[in-house]
Amino acid sequence: MPTPPSDSRDAGVPLIFELGRRGRANRYLEEGKPLDAFLPRPVLRDELPLPDNSELDVVRHYTKLSQRTFGIDLGFYPLGSCTMKYNPRVNDAIVAVPAFAQLHPFTPDDLAQGALMVMYELERSLSSLFGMAAFSLNPSAGAHAELGALLIAKKYFKERGETLRDKVIVPDTAHGTNPASAAMCGFSVISLPSDERGRVGVAEIRKVLGPDTAVCMMTNPNTLGLFEESIAEIAAAVHEVGGLMYYDGANANAIMGYTRPGDMGFDLMHLNTHKTFTIPHGGGGAGHGPLGVAAHLTEYLPTPVVTREDSMLRLDFDRPKSIGPMRSFWSNFAHAARALAYLYANGAEGLKRVSALAVLNANYVRVKVAEFLETPYAEPCRHEFVASAQTLKREHGVRALDLAKALLDHGYMAPTIYFPLIVPECLMIEPTETESKETLDAFVAALRSIVETAKRDPEALFAAPLTTVVGRVDETRAARQPDLRWRPSAEGAATRIP
Ligand SMILES: Cc1ncc(COP(=O)(O)O)c(C=O)c1O
């Protein structure tokens, strides 16, 4: 393990507010002249205490901050269920084109035909790639689209007079946002246990289906990286009792060009284009969650929808059955443009190859990791797989958390841990298709050496990470008592975040 440089745990970077000194920001302005000699009075803010910093100080400040974190551009990022693949720079070049970047959201449709064409083409392409009748590009993330889809289901059932449908079925492998979205939408959640092969069984789901079934939310491949082989039968059973099938598309990177949610029997779905279509994400950053529907639900899609009349495209708000907009303005447009750029760059064959390589890479790592860690579902996976540190914990007291922290010292982002909940001491590894064999081999070697250390000298891992700016934090306090606000103190001086 690398020795930490002595200054790696510094006292922190001061806040930009603490760096400011009165008058420093105004060095391009003529001495003594008031600000409204340079900017119109209505755009000046008296009540917003922005810090006075020179441009150089600002550049240094944010560059320093960027060096204290980890991202896909720095190293391997096998964060399961997040598809942290390389984001081609050409996507950013395309959205930086002034005609896109400077377009005002209130530009009349006839002057925004290029941008509308981006949205229209993306919507049509996603519909054909995933077998849906139509998509709305409106929601800003996967969870946001889940909520939108459940609002659609609610409205659909209400209009049919089926108001007793209040149950949403969610397998126990599902991401927490699935039951959370259902609860937020006023449904009660039935958690469905997976079988010993990590799948939803047809007999098991039949036990909970009935006239109160509203929606069954499924991820396929599921979060164990396993394909739900009985999906067609499950969908038929849900439809038989009048329920709707919802596809959580977080794992779409595994299926492109091989199968489509529409063909599996799903009525509603979301995509996380920030995962599958190479859009920078992480740290809760801006996302994009297109929401797709089958033909019988298109009228309910969030507004606006881009429609085509002759050769003119327009934003259609006049949709009486729509659940309405899910966010301000039309969509996270820059992300839509990035997603389309990625689609065009790959084409249908290229996207199929993306999925094939994502699955190949995951299986390559899975087989190697199985030599030194348990892999509870020992069969070919799709784009990700789960390993477990439960024996290491039992025999040496080393947990999945310790392995994950130790990986940071080797220059890798940790895999997702403790999810899905049904795997004790779970590590969920998703390598993605953009990594080379050398990177995958080096990662496996690092994990192997950490596991060897765990058996030989477990104590050595408990303090990891040693080389990062921040070591182990009190996770309970961080989750329960986050204090992320800066406030000026009574004297007007800055107050540090505790
Ligand atoms: C399986 C699964 N479903 C849903 C989501 C929610 O997506 P988002 O983070 O875009 O809201 C995630 C996020 O990681 C996920 O992994």
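This is a tour of a predicted model, going from the sheet to the helices on it, then to the ligand and one residue beside it.

**The sheet**

Select the strands. They form an open sheet of seven, in the order 1-7-6-5-4-2-3, and the pairing is mixed. At the edges are strand 1 (134–136) and strand 3 (188–192), each of which pairs on one side only. From one strand to the next the twist averages 25°.

Now show strand 2 (residues 167–171) together with strand 3. The two pair in the parallel sense, over five bridges. For one point of register, pick Val170: the bridge partner of Val170 in strand 3 is Ser191.

**Helices on the sheet**

Add helix 5 (residues 113–130), which packs on the sheet and touches strand 1 and strand 6 (268–271). The direction of helix 5 makes about 125° with that of strand 1.

Next add helix 9 (residues 231–240). Helix 9 lies across strand 4 (213–219) and strand 5, and runs at about 140° to strand 5.

**The ligand**

Select the ligand and the residues around it: Ser81, Ala141, Gly142, Ala143, Glu146, His175, Thr177, Asp248, Ala250, Asn272, His274 and Lys275. Colour this shell by helix. Helix 6 (142–159) and helix 11 (273–276) each supply at least two residues of the shell. The largest share is that of helix 6, with three residues.

Show side chains and look at the oxygen atoms of the ligand. Three distances can be displayed here:

- Ser81: an N or O atom of the side chain is 2.3 Å from an oxygen atom of the ligand.
- Asn272: an N or O atom of the side chain is 2.9 Å from an oxygen atom of the ligand.
- His274: a polar side-chain atom lies 2.9 Å from an oxygen atom of the ligand.

Switch to a surface view of the ligand. Taken alone, the ligand exposes 390 Å², of which the protein buries 86%.

**Ala250**

Stay with the shell and centre on Ala250, one of the residues around the ligand. Ala250 sits in the loop between strand 5 (244–249) and helix 10 (261–264). Is Ala250 buried or exposed? Ala250 counts as buried because its relative accessibility is 8%, against a cut-off of under 20%.

Then display the contacts of Ala250. Leaving aside residues up to four places away in sequence, Ala250 touches Thr83, His270, Asn272 and Lys275. Of these, Asn272 and Lys275 also belong to the residues around the ligand.

As a last step, select Glu18 along with Ala250. Glu18 and Ala250 are 232 residues apart along the chain, and 40 Å separates their C-alpha atoms.

Methods. Residues are numbered from 1 along each chain as its sequence is written. This is a predicted model: local features need pLDDT of at least 70, side-chain atom pairs count only at pLDDT 80 or more; totals for chains, interfaces and linings use all residues. Side-chain values use heavy atoms; hydrogens and water are left out. Helices (H or I, at least four residues) and strands (E, at least two) are DSSP runs, numbered from the N terminus. Buried means under 20% relative accessible area, exposed over 50%, partly exposed in between (1.4 Å probe, protein chains only). Contact means heavy atoms within 4.5 Å. Two strands pair if DSSP finds at least two bridges between them. Axes are lines fitted to C-alpha atoms, for helices over the stretch in contact, and angles run from 0 to 180 degrees between N-to-C directions. A residue is near a molecule or strand if one of its heavy atoms lies within 4 Å of it. A polar contact is a pair of N or O atoms within 3.5 Å; within protein, one must be able to donate a hydrogen and the other to accept it, and residues adjacent in sequence count only if both atoms are side-chain atoms. Accessible areas come from the Shrake-Rupley method with a 1.4 Å probe; for residues, only the protein chains shown count as cover.
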